[in-house]
Amino acid sequence: MTYLTIPIAAKTVQEAKGLIMAACTAGAQMLELRTDYFAELTIEAFEMLIGEVKKCGLPMIVTCRDKKQGGQGDWPLGLRIGVLTAAVKAGAEYVDCEYENILIAEVEKKLTAVLAGSQCRLILSHHNFNGPFEDIQKLYDMFVTEYPAAIPKLVYTARHINDCFAAFDLLHNKEGDAIAFAMGEAGLISRILAKKLGSLVTFASLDAQAATAPGQLTIDQFKKKFRCDSITAKTQLFGVIADPVAHSVSPAVHNACFADAGMDRLYLPLRVQGDKAGFDAFTENIVARPWLDFHGFSVTIPHKMNAIEYIEQVGGFIEPVAVQIGAINTITIGINDRVNGYNTDCAGAMDAIISGMGNATSQEPRVMSDNSGKMLKQKLLAGVPVAVVGSGGVARAIVAGLADVGAIVTIYNRTLEKAHKLAHEFGVRAAPLSAMANMEAKILINGTSIGMHPNVDETPVPKEYLKSDMIVFDTVYNPLETRLIKEAKEVGATTISGVEMFINQAAEQFKLFTHSKPNMTVLRKIVFDSLGG
Ligand code: NAP
């Protein structure tokens with residue numbers, strides 16, 4: 001069992017009482033008494049505190065952390081050991097002593113004596129706040145050899161998500177109880193996967209202000225966003241590879257759909273920093289560890305091109321539409337660790353356009369791979385003049401879809417050279433942004449990030465260029481109603497929100513991940529709730 005543990009870091013017994021009650025109500029499975037946070041630490045005050053925990057019936061770890069190892073107060077060693085021995089005598093389930101302190105003969109003697117014959121177990125902890133340990137496995141082996149009855153706790157700061165794999169390997173290979181995870185934002189997934197990999201505890205705070213270590217999640221995030229109560233050793237993993245990733249609504253969306261379908265699956269935010277080298281290293285780490293059970297990824301800025309290059313490099317499968325677009329936004333890991341790449345942006349955008357024109361596609365087809373869907377799109381879009389603003393990843397996917405069904409596309413972009421290159425690839429036209437004053441488009445599509453949060457007052461197309469008989473589609477979905485969409489409504493144009501494309505492409509990804517359809521009511525609701533709609 002992995003105990004979801006809330007640290008109680010109070011200055012007084014009175015304050016601690018309130019926190020203990022709140023932790024019990026929030027669903028903590030264990031408490032960690034961080035006695036080093038006390039304003040006036042005495043054995044008497046500590047004994048009152050332990051009495052409060054006993055009343056709530058949860059198991060506890062008693063810690064009086066040394067300042068050198070991240071402790072709050074600079075308490076003398078004698079008092080800290082006094083607290084731990086009092087904890088053992090009072091019936092605490094675990095006491096936590098720093099490895100470097102147990103090496104002091106007097107500390108070892110006192111703790112060994114009091115632990116002998118008690119039910120309490122010793123956690124031997126070691127922290128590195130500056131980065132990963134040079135060799136975490138060596139430290140673990142040393143702890144286990146020197147103190148076989150103790151539980152090693154090895155915690156370090158991750159500087160990159162790739163630093164988490166050392167903790168994963170340790171937990172995977174451990175023989176008895178152990179605690180291992182990485183601190184900091186880059187270590188986030190190690191706190192969540194501690195449960196899948198059988199760490200004795202993982203820590204959560206009552207709220208963001210109460211965190212006792214960098215990167216600690218709140219218990220609410222653990223339980224609601226990351227479905228902590230349903231994580232098992234067999235949980236299949238998915239995630240979104242991006243940088244930044246904190247704003248992504250994909251974890252909330254996919255986790256809600258997995259929960260609705262009763263699937264033992266979990267979707268994680270995966271902030272993969274760095275360019276192609278960072279991406280390649282992350283993917284290789286995943287593929288080399290099939291026991292982690294990662295089965296699929298959404299891929300977004302800045303890794304869509306890195307992803308396709310990686311799959312080409314390793315000889316994986318790339319669906320034809322993704323080859324044509326030159327970018328993928330979905331990866332699945334199949335049998336024999338074969339890596340497959342797909343692009344659901346194109347299908348998501350094309351279906352949003354068709355629905356926005358008042359027509360639903362017959363069988364939720366994936367554009368270009370489904371004939372009946374393609375015929376409908378050809379019927380509606382062949383020969384229709386369309387203006388696409390932008391030449392990045394999303395614009396590429398949309399231009400590919402439109403060109404395939406015979407729309408008359410003109411690409412407008414700030415960097416004209418890029419527009420020409422894209423236009424040449426798909427046999428369409430390119431023009432500078434200034435030429436939009438004379439555009440004769442029936443459909444206008446924003447494929448740039450202009451107007452996206454926080455720059456919500458910006459628009460890619462001046463209002464005077466918009467006409468009442470136009471269909472205006474903004475791929476930006478945060479905010480739900482961009483300035484472009486607001487102004488298009490004001491001139492009487494038909495509008496399509498980027499959220500429709502987002503919903504379609506997320507549904508396509510869900511199908512690729514699970515081979516089944518998501519509950520669209522749940523999916524739509526969670527997207528709108530997450531985006532504040
Ligand atoms: P990208 O590859 O980085 O391309 C960005 C495009 O925006 C480029 O054409 C760039 O022009 C242009 N641009 C950016 N800032 C500009 C500015 N200040 N003035 C003029 N042009 C500017 O990004 P992407 O992956 O295509 O994503 C673009 C947007 O699509 C995202 O911001 C997101 O809102 C939206 N999106 C929507 C969905 C959905 O499901 N609805 C999915 C993915 C993305 P240059 O070539 O001149 O740099």
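This short talk goes through a predicted model, beginning with two sheets, moving to the ligand, and ending with some unusual backbone places.

Let me begin with the sheet that belongs to the later part of the chain. In this open sheet six strands follow the order β18-β17-β16-β19-β20-β21, and their pairing is parallel. The strands at the edges are β18, residues 429-432, and β21, residues 494-497, and because each of them has a single partner strand, one side of each is left without a neighbour in the sheet. If you look at how neighbouring strands of this sheet sit against each other, they are turned by 20° on average, with direction ignored.

To see one pairing in detail, please find strand β19, residues 443-446, and strand β20, residues 471-474, which run parallel and are joined by four bridges. Which residue in β20 stands opposite leucine 444? It is valine 472 that stands opposite leucine 444 there.

Helices also pack on this sheet, and I would like to point out two of them. Helix α14, residues 345-356, lies across β19, β20 and β21, and its direction is at about 150° to that of β21. Helix α16 touches β16 (385-389), β17 (408-413), β19 and β20, and its direction makes about 165° with that of β16.

Now please turn to the other sheet, which is also open and has six strands, in the order β11-β10-β12-β14-β15-β13, but here the pairing is mixed. Its edge strands are β11, residues 265-271, and β13, residues 317-318, each of which pairs on one side only. Within this sheet, strand β10 (residues 236-242) and strand β12 (residues 294-299) run parallel, with five bridges joining them, and glycine 239 has phenylalanine 297 in β12 as its bridge partner.

Here, too, there are helices to look at. Helix α10, residues 250-260, lies across β10, β11 and β12 and runs at about 170° to β11, while helix α11, residues 276-287, lies across β10, β11, β12, β14 (330-333) and β15 (339-342) and runs at about 160° to β12.

Next comes the ligand. There are 22 residues around the ligand, and those that come nearest are Ser391, Val394, Thr415, Lys418 and Thr475. By type, the shell divides into eight nonpolar, 12 polar and two charged residues. Helix α16, which we met on the parallel sheet, spans residues 393-404, and both α16 and α19 (498-514) supply at least two residues of the shell. Which element gives the largest share of the shell? That is α19, with four residues.

Some polar atoms of the protein can be followed one by one to oxygen atoms of the ligand. A polar backbone atom of serine 391 is 2.8 Å from a ligand oxygen atom, and an N or O atom in the side chain of asparagine 413 is 2.9 Å from a ligand oxygen atom. For phenylalanine 502, a backbone N or O atom lies 3.3 Å from an oxygen atom of the ligand. Taken on its own, the ligand has 920 Å² of accessible area, of which the protein covers 79%.

Finally, I come to the backbone places, and a general remark helps before we look at them. Most peptide bonds are trans, and most residues other than glycine have a negative phi.

With that in mind, where in this model do we find cis peptide bonds? One of them joins histidine 453 and proline 454, with omega at about 10°, and proline 454 has its place in the loop between β19 and β20. Another runs from asparagine 478 to proline 479, with omega near 15°, and proline 479 is found in the loop between β20 and α18 (483-490).

As for positive phi values, aspartate 293 has a phi near 70°, and its place is in the loop between α11 and β12. Histidine 515 has a positive phi of about 60°, although this residue is not a glycine, and histidine 515 lies in the loop between α19 and α20 (520-530).

Note on methods:
Residues numbered from 1 in each chain as written. Predicted model: local features only at pLDDT ≥ 70, side-chain atom pairs only at ≥ 80, totals over all residues. Heavy atoms only, no water. Near = heavy atom within 4 Å. Polar contact = N/O pair within 3.5 Å; in protein donor to acceptor, adjacent residues only side chain to side chain. Areas by Shrake-Rupley, 256 points an atom, 1.4 Å probe, with all protein chains shown as cover. Nonpolar A, V, L, I, M, F, W, Y, C, P; charged D, E, K, R; others polar. Pairing = 2+ DSSP bridges. Axes fitted to C-alpha atoms, helices over the stretch in contact; angles between N-to-C directions. Contact = heavy atoms within 4.5 Å.
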